[in-house]
Amino acid sequence: MHRTTARSVAGVGYSGHLRFEAHRHAFLGTDEIAKINGTYWPTETGVAVPDLFGSKDRKHALASIAVKGHDDTELMRNFRKVAHGFDVPGIDMEVAGGQPVAGALNDTMVHDQTRMELFAIPAVTVLLFFLFGGVVAAALPLIVGGLTVLAAWG
C-alpha cells in the first residue's frame, strides 16, 4: 500500500516548468518514490491535468507524489530521504501532506526538548540546593534520577 504526499509548487511559469521537469528525474528513480500521481505538466507515471493542478493564471501548480511505505514510520523515513529532491532552484516550493507536517513537528519537539533540558537541569539543581540546604543533599535526587534514566535505557 502506498500513501501519498503532495508538494505544492508556487511561482511556476513556463521556464519554471522546464527546470522542474529536468530536476524531478533526480528522485523519480529512487526506491522511496512510487510514482507521480498527477501534476500540472505531463509525466511518465501521472496524469497531466493543468486545470486541476494549476491556477487559472498558470503561475501556481501542484504535484501529487506517492511516497512508498507500509506504515507511518517507513513513510517518514522515505520522505526524509527524498525531501531534498523536491527543492528546485528559482522556484518557490510549499509543502503539504502528512509526512512534511509530521517531520516539522518532530524536529520542533526535539529542538524544544533539548533546549528545555539545558535549562531545567541547572534550574532544578539550584532549587534543590536552596530546598535541602546543601550541595550533597541537592545532588542526591539528581544522581538517583540520572541512574534511573540510565537503567531504563538498559
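**Strands 2 and 4**

I began with the pairing of strand 2 (residues 33-39) and strand 4. The two run antiparallel, and five bridges join them. I picked out one bridge by residue: K35 pairs with A66 of strand 4. I note here that the model is predicted.

Next I asked how covered strand 4 (residues 60-67) is. Six of its eight residues are buried, so strand 4 is largely enclosed by the rest of the structure. I then looked up L62, which lies in this strand. L62 has 30% relative accessibility. Buried means under 20% and exposed means over 50%, so L62 counts as partly exposed. I also took a distance from L62 to M93. Their C-alpha atoms are separated by 9.8 Å, and the two residues are 31 apart along the chain.

**The whole chain**

I stepped back to list the elements. The chain has five helices and five strands. Read from the N terminus, the order is β-α-β-β-α-β-α-β-α-α. I also looked up burial for the chain: 31% of its 154 residues count as buried.

**Helix 3**

Which residues of helix 3 are buried? In this helix, residues 72-82, I found L75, M76, N78, F79 and V82. They cover an arc of only 170° around the axis, which puts them on the same side of helix 3. I then checked the other side of the helix. There, R77 and K81 are exposed.

**Salt bridges**

How many salt bridges does a search of the whole structure find? I got three. Side chains of opposite charge can pair when their charged atoms come close. I took the pairs one by one.

My first entry is E32 with K81. Their side chains meet in a salt bridge at 3.8 Å, N to O. E32 lies in the loop between helix 1 (14-28) and strand 2, while K81 is in helix 3, so the pair ties together parts 49 residues apart in sequence. I looked up the cover on E32 as well. Its relative accessibility is 13%, so E32 counts as buried. Its partner K81 is exposed.

My next entry is R80 with D107. The closest N and O atoms of this salt bridge are 3.0 Å apart. R80 is in helix 3 and D107 in helix 4 (residues 98-132), so this pair links distant parts of the chain, 27 residues apart. R80 is partly exposed, at 39% relative accessible area. D107 is partly exposed too, at 40%.

My last entry is R115 with D112. Their side chains form a salt bridge at 3.3 Å, N to O. Both are in helix 4, three residues apart, which means about one helical turn separates them. I noted a relative accessible area of 47% for R115, which is partly exposed. D112 is partly exposed as well, at 29%.

**Helix 5**

I finished with helix 5, residues 135-153. It has 19 residues and spans 27 Å from its first C-alpha to its last. That is close to the 27 Å expected at 1.5 Å a residue. G154 follows the helix, and its phi is positive, near 100°.

Which residues make the nonpolar surface patch of about 770 Å²? I listed V136, L140, I143, L147, V149, L150 and W153. I looked closer at W153, which lies in helix 5. Is W153 buried or exposed? Its relative accessible area is 70%, so W153 is exposed.

Methods:
Residues are numbered from 1 along each chain as its sequence is written. This is a predicted model: local features need pLDDT of at least 70, side-chain atom pairs count only at pLDDT 80 or more; totals for chains, interfaces and linings use all residues. Side-chain values use heavy atoms; hydrogens and water are left out. Buried means under 20% relative accessible area, exposed over 50%, partly exposed in between (1.4 Å probe, protein chains only). Helices (H or I, at least four residues) and strands (E, at least two) are DSSP runs, numbered from the N terminus. The arc is that of the directions from the helix axis to the C-beta atoms. The expected span of a helix is 1.5 Å times one less than its number of residues. Patches are made of residues with over 30% relative accessible area and no salt bridge: like charges are joined within 9 Å, nonpolar side chains (Val, Leu, Ile, Met, Phe, Trp, Tyr) within 5 Å. Accessible areas come from the Shrake-Rupley method with a 1.4 Å probe; for residues, only the protein chains shown count as cover. A salt bridge is a side-chain nitrogen of Lys or Arg within 4 Å of a carboxyl oxygen of Asp or Glu. Two strands pair if DSSP finds at least two bridges between them.
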